[in-house]
Amino acid sequence: MDFDFQYHPYPSQRTTVFAQGGMVATSQPLAAQVGLDILKQGGNAIDAAIATASALTVLEPTSNGIGGDAFALVWTKGKLHGLNASGPAPKRLTIDAVKTRGYNKIPAHGMIPVTVPGAPSAWAELSKKFGCLPLKEVLQPAIDYAENGYPISPTLGKYWELAYNRYKQILTTEEFRPWFETFAPNGRAPKVGEIWHSKNHAATLRSIAESSAESFYRGELADKIAAFSERYQGFISKEDLAGYRAEWVEPIKVNYRGYDVWEIPPNGQGLVALLGLNIVKGFEFSEKETVDTYHKQIEAMKLAFTDGKANITDPAFMKMNLADVLSDEYGESRRREIVDEAMVPHPYEPSRGGTVYLAAADGEGNMVSFIQSNYMGFGSGIVVQDTGIALQNRGCDFSLDPSHPNALRPGAKTYHTIIPGFLTKGDQAVGPFGVMGGYMQPQGHLQVIMNTIDFGLNPQAALDAPRWQWIEGKKVEVEPHFPNHLAQALIRKGNQIEVALDAGGFGRGQIIWRNPESCVLMGGTESRTDGAIAAW
């Protein structure tokens, strides 16, 4: 990789940012600034990531919340660590229990799809293992924003209004009333530039900060969550919450043209990104903007998703051997299936996601790739009364078919869409990267890594480049500014190409790379949202 990038071939109002003392990149400018302030107060990159993540539950509630999940990759002292803070299905949530209520598929909203939230445990575990500052100090900026309010930014306002207009039509029963009280206090979504705050959210964050998340899992907040669940015939209980703790895991990788690309192992779908890269690395790409490049990328991702969707679930129930499928031999066997025409793998229906991603780095070499989500925007539509806790709906990805690899099992974790990425070379960290957004995420990871390594794009250009997204069968969506002549050429190869009118479904990413020689940081932030980089 050449760190002396000289050009930016795609239209953008943003440029790559360079700094040395520290950097935080995320989708909300105020949240990025929170992370930088923590760095300046003596915190490290891990403290900055926790502060930014907790602030994002306030500053971007359309995509994440206190009741969501999180994953992290942390580089410190020459080693990469993985944290899986996704929660399991409640122990009383069974296939029979769901079917008894008249469902043939787990619904997206209400108490049924709620799984144990992992985000608060992620903050506490990261702080305890790697943080420099007390968790109370690190969460204080998020508490202040929840207490005092902040003005709504443009992209945030857009998705908030879309969610409100949809929710007022479909979430009409009593258990959804706290959502409207919290997120539509004036009988509507807050407008762009309008101040929104949540005193309940502030009180909950303060309780988490003072107890290192114990109150959320084994204290007063756990009591409130369990009582609300019982009141509305939910499945999550005090026992489910009390038994949970985020899990430290060994990251998985593939070597791509001399660089190691790292992901969190299943139940996350990072494996799909690695499978795709393991297939395309056997091809030579002379140029980015050619039909051959896009065709091979798309076909490789189809194969990777076919394998991933057929196998990824709670690792305790997975039959796939990771070492085998990440081997060069397996990549070659799948690569041979790619021909000049578009293929049709086993189809499925990807969902649209709601997620926040952040990257953080400090001047000491610590780096964090962190992702946090409620899923499908605001999640289940459930907000626990008087807490501001918006609960996720990850359970809706479980299958009610007992023979399916991702079948619903009490206490098991589901296939999970959110994935942080990290890049190293030899024993040196290059840095964190991520592209949030449901099933777009591994597709975004593949495109960003190839943009960087194969085509030499700087971080901002790697993010700004036009994206594609395989949907199912031969259906591929492309962004409005995707080159028309290449879209036409892909159609001639048998693809069904659809030009999306809104780029919002193509993910929102962040990148921070570190030059190992000069230790200079260089970052890019997503032009498809209100993204920002705070640096010094």
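**Figure 1. Cys132 and the cysteines of the predicted model.** Cys132 is exposed, because its relative accessible area is 52% and the cut-off for exposed is over 50%. The model shown here and in the following views is a predicted one. A search of the whole structure finds 0 disulfides. Cys132 accordingly takes part in no disulfide, and the nearest cysteine sulfur, which belongs to Cys519, is 18 Å away, whereas a disulfide would need the two sulfur atoms to be within 2.5 Å. Cys396 offers a second cysteine to look at, and it counts as buried because its relative accessibility is 10%, while the cut-off for buried is under 20%.

**Figure 2. The whole protein, as a setting for the close-up views.** The protein has 18 helices and 19 strands, and its C-alpha trace spans about 60 × 55 × 40 Å along the principal axes. Does the radius of gyration agree or disagree with that of a compact globule? For 536 residues a compact globule would have a radius of gyration near 24 Å, and the protein, with 22 Å, agrees with this. Buried residues make up 64% of the 536 residues. Among the contacts with a separation of 6 or more, 75% are made by residues that lie 24 or more positions apart. The accessible surface comes to about 18,700 Å², and carbon and sulfur atoms account for 49% of that surface.

**Figure 3. Helix H4, residues 119-130.** Helix H4 has 12 residues and reaches 16 Å from its first C-alpha to its last, which is close to the 16 Å expected at 1.5 Å a residue. Because 10 of the 12 residues of H4 are buried, the helix is largely enclosed by the rest of the structure. The buried residues of H4 include Ala119, Pro120, Trp123, Glu125, Leu126 and Phe130, so a reader who follows the helix from residue to residue can compare this list with the count of 10 in 12.

**Figure 4. The hairpin of strands E8 and E9.** Strand E8 covers residues 252-256, and its side chains alternate along the strand. Ile252, Val254 and Tyr256 point to one face and are buried, while Lys253 and Asn255 point to the other face and are not buried. Strand E9, residues 259-263, pairs with E8 in the antiparallel sense over 5 bridges, and in this pairing Tyr259 of E9 is the bridge partner of Tyr256. The two strands form a hairpin with 2 residues between them, and Arg257 in the turn has a positive phi of about 55 degrees.

**Figure 5. Strand E4 and its pairing with E3 and E7.** Strand E4, residues 79-85, is mostly covered, since 6 of its 7 residues are buried. Strand E3, residues 69-76, pairs with E4 in the antiparallel sense over 7 bridges, and His81 in E4 is the bridge partner of Val74. E3 and E4 form a hairpin with 2 residues between the strands, where Lys77 takes a positive phi near 50 degrees. E4 is also joined by 3 bridges to strand E7, residues 247-249, and these two strands run antiparallel; in E7, Trp248 is the bridge partner of Leu83.

**Figure 6. Glu299 in helix H13.** Glu299 lies in helix H13, which covers residues 291-311. Is the side chain to be looked for at a buried or an exposed residue? Glu299 is buried, because its relative accessible area is 0% and the cut-off for buried is under 20%. When its neighbours within four places in sequence are left aside, Glu299 is in contact with Ile338, Glu341, Ala342, Met343 and Asn495. Helix H13 itself has 21 residues and reaches 30 Å from its first C-alpha to its last, close to the 30 Å expected at 1.5 Å a residue. H13 is mostly covered, with 16 of its 21 residues buried.

**Figure 7. Lys199 in helix H8.** Lys199 lies in helix H8, which covers residues 199-211. Lys199 is partly exposed, because its relative accessible area of 46% falls between the cut-offs of 20% and 50%. Residues up to four places away in sequence not being counted, Lys199 touches Ala146 and Glu147. Lys199 and Thr387 are 188 residues apart in sequence, and their C-alpha atoms are 8.5 Å apart in space.

Key
Residues are numbered from 1 along each chain as its sequence is written. This is a predicted model: local features need pLDDT of at least 70, side-chain atom pairs count only at pLDDT 80 or more; totals for chains, interfaces and linings use all residues. Side-chain values use heavy atoms; hydrogens and water are left out. Buried means under 20% relative accessible area, exposed over 50%, partly exposed in between (1.4 Å probe, protein chains only). Helices (H or I, at least four residues) and strands (E, at least two) are DSSP runs, numbered from the N terminus. The expected span of a helix is 1.5 Å times one less than its number of residues. Two strands pair if DSSP finds at least two bridges between them. The radius of gyration is taken over C-alpha atoms; the globule rule is 2.2 Å times the number of residues to the power 0.38. Contact means heavy atoms within 4.5 Å. Accessible areas come from the Shrake-Rupley method with a 1.4 Å probe; for residues, only the protein chains shown count as cover.
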